[in-house]
Amino acid sequence: MAEKTFAGITVQVDDDGYLIDPNQWTEDIAKEMAKEDGLELTDQHIEVLKFLREKYLKGETLTIRSVGKSGIVDIKGFYKLFPGAPLKKASKYAGLPKPSSCV
Amino acid sequence: MADNRKVSIIVSKGRLEDVYAGLVMANGAVMEGIETKMFFTFFGLHALKPKFMNRLHTAVVGNPALRMPGDLPFPTLLGIIPFVEAGISAMMRKEMEKLDVPPVDEFLEMIDAGGGEIYACKLAMDMFKLKKEDLHPLVKDVLTVGEFYEISKGGEIIFI
């Protein structure tokens, strides 16, 4: 566990950089986190992050498929928004733990 | 996260569990940002036929791990009764759907959307008298074994 400061807010993160407490999340934290990885978040990115947060806080498992059905972006678009490993990256920027699903 | 890892997954069997093992591993690799290729051969090709792909079956005869509710062994003799195999396979597909595991065609679309590639084996196609048009449109190409090794060069190969 480590402490990091994003947008003036000090938060606890795990070894992979995921927030320990999802409630500490703000949009500015997300933007700064992504910037560290060289990614500039747009409104559409933020919309996806909010969708993931809503699902997670309801206790649902996050999957790529559910993002594809969210109406915000299709799966191809999701990969484009968060290149490489979309669900992992998006979960991280959304202040959520590393995804625990296999799909 | 996006790195130089690369994997090729060969699906050689057409049973529900074998095909899904390949699809889950391939999609999982794509989700990790790993360059992913799938190669369907022999009975695995069955999973690429649009008419059958979403109705794959599991073996209910001679499958010692198949259990009934309460973890009781499933008697092989029951498996020979008409529709039992279809019923059990349908049940398995339903349980997977609950876990957000998609049907085969949608799974292929997910893999493709993430940049994964799907190929079919030429020898097996010839043997089963199949043409590329008989397979799902996302099948990128029909390859010889040599071509398969060519595209898999430098990566890991998983055989299912």
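**View 1. Charged side chains of chain B.** In this predicted model, chain B carries 18 positive and 22 negative side chains. Take the centre of each set and you'll find the two 6 Å apart. As for the surface around them, chain B exposes about 8,500 Å² of accessible area, with 63% of that belonging to carbon and sulfur atoms.

**View 2. Helices and strands of chain B.** Count up the secondary structure here and you get 5 helices and 7 strands. Walking along the sequence, the order goes β-α-β-β-β-α-α-β-α-β-α-β. If you look at contacts between residues at least 6 apart in sequence, 69% of them link residues at least 24 apart.

**View 3. Overall dimensions of chain B.** A box of roughly 45 × 40 × 25 Å, set along the principal axes, holds the C-alpha atoms. The radius of gyration is 17 Å, which agrees with the value near 15 Å for a compact globule of 160 residues. Of those 160 residues, 43% are buried.

**View 4. The largest nonpolar core.** This core has 73 residues, and the members touching the most others are A:Leu49, A:Phe82 and B:Phe40. Helix H1 of chain B (residues 16-31) chips in 8 residues, the largest share of this core.

**View 5. Close-up on B:Phe40.** Here's one of those core residues with its surroundings. Skip the neighbours within four places in sequence, and B:Phe40 still contacts B:Val11, B:Leu23, B:Leu45, B:Ala47 and B:Leu48. B:Phe40 is also in contact with B:Leu108, B:Ile118, B:Tyr119, B:Ala120 and B:Cys121.

Note on methods: Residues are numbered from 1 along each chain as its sequence is written. Chains are lettered from A and ligands numbered from 1 in the order in which they are written. This is a predicted model: local features need pLDDT of at least 70, side-chain atom pairs count only at pLDDT 80 or more; totals for chains, interfaces and linings use all residues. Side-chain values use heavy atoms; hydrogens and water are left out. Helices (H or I, at least four residues) and strands (E, at least two) are DSSP runs, numbered from the N terminus. The radius of gyration is taken over C-alpha atoms; the globule rule is 2.2 Å times the number of residues to the power 0.38. Buried means under 20% relative accessible area, exposed over 50%, partly exposed in between (1.4 Å probe, protein chains only). Contact means heavy atoms within 4.5 Å. Accessible areas come from the Shrake-Rupley method with a 1.4 Å probe; for residues, only the protein chains shown count as cover. Lys and Arg count as positive and Asp and Glu as negative; His and the chain ends are not counted. The place of a charge is taken as NZ of Lys, CZ of Arg, CG of Asp or CD of Glu. A nonpolar core is a set of buried Ala, Val, Leu, Ile, Met, Phe, Trp, Tyr and Cys residues joined through side-chain atoms within 4.5 Å.
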